[in-house]
Amino acid sequence: MFIKDYISKDYPAFNTSDSIEEANEVAKEFGYTHVFIKKKGVYQGALSQQFLEESPEGTLQTLEHHYEKFALLDDGNVLDSIKLFYTFNSNVVPIINKLEKYQGYLSCDDVFCEFAKYPLFSENGALLVIQNNKRNYSMTDICKIVESNNSKIYGCYISAFEGDDVQITLKISSENLSSIDETFERYGYSVVQKYYDDEKEELLKDRFGFFQKYMEF
């Protein structure tokens, strides 16, 4: 999931001498929330399409004080983009090299297309949300509990912190679900939520869909 393998180059970065109107029109055409500005090839910052819409005529240079400074290095990881999408209300992130030269971009669609390949979303199975004290949980123990009951883990992640407790979401195969629940209880984990079969599978997909819509604004 290295960013260099997912860089797109069809969305141009604008020079500081380019017009606000031109940048705004291109952003609307692509459906992206931001445009990127460079000077002699060096990335300067980003401006939101909404801000451009409300700006008077002129060049992008005149809006220099409003540039938003966010970007990812081309040797980073795709997962690093999630925080930037959220923090800057953006559906597109600029990619630069170590010399701060603009290399291209990464869009929300790129990220979600990659995530959609993961067994966490593509495999049928059961979804469990378990909870334990932050000091007592162990990913090693969690995997052992699932696998000792002849089930397989398709994905797991920390989904929430609740006071002194941590919640972990598991996507597992559908074998021996009752015994898995009981084993977690014996090891001090509470099964907060569980979703099985096709109906529950749709819930996972719905949640992923809501997340995608939220990121795309």
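This is a guided tour of selected strands, one helix, one buried glutamine and several salt bridges in a predicted model.

**The four-stranded sheet**

Begin by selecting strands 7, 8, 9 and 10, which make up an open sheet of 4 strands, arranged in the order 8-9-7-10 with antiparallel pairing. The edges of this sheet are strand 8 (153-162) and strand 10 (190-195), each of which pairs on one side only. As you turn the view, look for the twist, which averages 20° from one strand to the next.

Now restrict the selection to strand 7 (residues 126-133) and strand 9, which are paired in the antiparallel sense over 8 bridges. To find a place where this pairing can be picked out residue by residue, select asparagine 133, whose bridge partner in strand 9 is aspartate 165. Then add helix 6 (residues 139-148), which lies across strand 7, strand 8 and strand 9 and runs at about 35° to strand 9.

**Glutamine 167**

Within strand 9 (residues 165-172), select glutamine 167. Is the side chain of glutamine 167 buried or exposed? Glutamine 167 has a relative accessible area of 14% and is buried, because the cut-off for that class is under 20%. Show the side chain of glutamine 131 as well, since the side chains of glutamine 167 and glutamine 131 are joined by a polar contact of 2.7 Å. If neighbours within four places in sequence are left aside, the residues in contact with glutamine 167 include Val129, Ile130 and Gln131, together with Tyr157, Ile158, Ser159, Ala160, Glu162 and Val192.

**The hairpin of strands 2 and 3**

Next, move to strand 2 (residues 34-39) and strand 3, which run antiparallel and are joined by 6 bridges. These two strands form a hairpin with 2 residues between them, and lysine 40, in the turn, has a positive phi of about 55°. Beside the turn, select lysine 39, whose bridge partner in strand 3 is valine 42. Strand 3 (residues 42-48) has 5 of its 7 residues buried, so this strand is largely enclosed by the rest of the structure.

**The salt bridges**

Finally, turn to the charged side chains, among which the count comes to 5 salt bridges. Select glutamate 25 and lysine 28, which form a salt bridge whose closest N and O atoms are 3.4 Å apart. Both residues belong to helix 1 (residues 20-30), and because they are 3 residues apart there, about one helical turn separates them. Glutamate 25 is partly exposed at 41% relative accessibility, and lysine 28 is likewise partly exposed, with a relative accessible area of 41%.

For a pair that lies in two loops, select lysine 98 and aspartate 75, whose side chains meet in a salt bridge (3.7 Å, N to O). Lysine 98 is in the loop between strand 5 (92-96) and strand 6 (102-107), whereas aspartate 75 is in the loop between strand 4 (72-73) and helix 3 (81-87), so the pair ties together parts that are 23 residues apart in sequence. Lysine 98 is exposed, with a relative accessible area of 66%, while aspartate 75 is partly exposed at 44%.

The last pair to select is glutamate 114 and lysine 117, whose side chains meet in a salt bridge of 3.4 Å, N to O. Here glutamate 114 counts as buried, at 9% relative accessibility, whereas lysine 117 is exposed, with a relative accessible area of 60%. To end the tour, select Glu25, Lys28 and Glu53 together, which are joined into one network by salt bridges that share partners.

Definitions and conventions. Residues numbered from 1 in each chain as written. Predicted model: local features only at pLDDT ≥ 70, side-chain atom pairs only at ≥ 80, totals over all residues. Heavy atoms only, no water. Buried < 20%, exposed > 50% of the residue type's maximum accessible area, 1.4 Å probe, protein only. Polar contact = N/O pair within 3.5 Å; in protein donor to acceptor, adjacent residues only side chain to side chain. Contact = heavy atoms within 4.5 Å. Salt bridge = Lys/Arg side-chain N within 4 Å of Asp/Glu carboxyl O. Pairing = 2+ DSSP bridges. Axes fitted to C-alpha atoms, helices over the stretch in contact; angles between N-to-C directions.
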